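Please open the model in your viewer and keep the selection panel at hand. The tour proceeds by selection, one stop after another.

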Amino acid sequence: MRAFCRVFPMRVSPMLLARPALAPSLGITAPAVQAADMPVPAPAYYPPVPPAIYDWTGIYVGGHIGGGILVDSVSQYGDLRPAGVIGGGQIGANYEFAPWVVGIEGTFTDSGISGSTLVRQTRLSRRNASPRIRRGLPL
């Protein structure tokens with residue numbers, strides 16, 4: 001005796017495949033699809049970054065601050081330990097002409113360091129100013 005069995009192909013609507021919650025429950029998997037009329041985007045092109053160009057020509061203003069302490073044991077007069085704040089500023093101008101840089105700068109520093117011993121009061125040099133002319137090669 002022969003048994004005949006006919007298999008009917010199952011057609012699945014594309015709308016059913018678009019619903020991810022229903023497709024796995026039916027045991028159906030589908031590959032990712034792209035629209036046929038849409039071109040694949042080309043990879044982005046970024047031009048190389050040009051090298052940085054530095055120019056040292058210009059005026060600048062700056063400042064500095066810090067502290068200082070002196071430890072000096074003088075057995076005959078006592079122990080001298082002056083401490084204080086040191087601060088100041090600088091101003092200058094540079095001019096670059098290849099390959100040289102020339103400039104002028106002035107700095108000023110003031111110090112609040114002072115101390116005393118049993119015999120006398122000691123005050124370190126409190127103010128310092130210096131002008132200078134500079135030249136060099138830029139790096």
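The stops below cover confidence, a charged network, a neighbouring polar side chain and a surface patch.

**Stop 1: the whole chain, coloured by confidence**

Begin with the complete protein chain, bearing in mind that this is a predicted model. Its mean pLDDT is 76, and 60% of the residues reach 70 or more. Next, select residues 14-18, which form helix H1; here confidence is lowest, with a mean of 54. Then turn to S5, where confidence is highest, at 94.

**Stop 2: Glu105**

Within strand S5, which spans residues 100-111, select Glu105. Is Glu105 buried or exposed? Glu105 counts as buried because its relative accessible area is 11%, under the 20% limit for that class. Display its surroundings: leaving aside residues up to four places away in sequence, Glu105 touches Tyr60, Ile91, Gly92, Ser130, Pro131, Arg132 and Arg134. Among these, Tyr60 deserves a separate distance label, as the side chains of Glu105 and Tyr60 make a polar contact at 2.8 Å.

**Stop 3: the salt bridges of Glu105**

Side chains of opposite charge can pair when their charged atoms come close. How many salt bridges does the count give? The count comes to two.

Add Arg132 to the selection. It forms a salt bridge with Glu105, and the closest N and O atoms lie 3.0 Å apart. This pair links distant parts of the chain, since Glu105 belongs to strand S5 and Arg132 to strand S8 (residues 127-136), 27 residues apart. In contrast to the buried Glu105, Arg132 is partly exposed, at 34% relative accessibility.

Now add Arg134. Its salt bridge with Glu105 has its closest N and O atoms 4.0 Å apart. This pair, too, links distant parts of the chain: Arg134 is in strand S8 and Glu105 in strand S5, 29 residues apart. Arg134 counts as partly exposed because its relative accessibility is 32%, which lies between the 20% and 50% limits. With Glu105, Arg132 and Arg134 shown together, the selection contains a network linked by salt bridges.

**Stop 4: Asn94, beside Arg134**

Keep Arg134 displayed and select Asn94, a residue of strand S4 (residues 83-97). The side chain of Asn94 makes a polar contact with the side chain of Arg134, at 3.2 Å. Asn94 is classed as buried, its relative accessibility being 11%. Beyond residues up to four places away in sequence, Asn94 touches Trp56, Thr57, Gly58, Tyr60, Val101, Val102, Gly103 and Arg134. Tyr60 is thus a point to revisit: it is touched by Asn94 and is also on the contact list of Glu105.

**Stop 5: the nonpolar patch**

Finally, switch to a surface representation and select Tyr95, Phe97, Trp100, Val102 and Leu137. Together these residues form a nonpolar patch on the surface, with about 500 Å² of accessible area. Which strands each supply at least two residues of the nonpolar patch? They are S4 and S5. Leu137, by comparison, is found in the segment after S8. Leu137 counts as exposed because its relative accessibility is 53%, over the 50% limit. Val102 connects this stop to the preceding one, as a member of the patch that is touched by Asn94.

Terms used. Residues numbered from 1 in each chain as written. Predicted model: local features only at pLDDT ≥ 70, side-chain atom pairs only at ≥ 80, totals over all residues. Heavy atoms only, no water. Helix = DSSP H or I, 4+ residues; strand = E, 2+ residues; numbered from the N terminus. Buried < 20%, exposed > 50% of the residue type's maximum accessible area, 1.4 Å probe, protein only. Polar contact = N/O pair within 3.5 Å; in protein donor to acceptor, adjacent residues only side chain to side chain. Contact = heavy atoms within 4.5 Å. Salt bridge = Lys/Arg side-chain N within 4 Å of Asp/Glu carboxyl O. pLDDT = per-residue confidence, 0-100. Patch = residues over 30% accessible without salt bridge, like charges linked within 9 Å, V, L, I, M, F, W, Y side chains within 5 Å. Areas by Shrake-Rupley, 256 points an atom, 1.4 Å probe, with all protein chains shown as cover.
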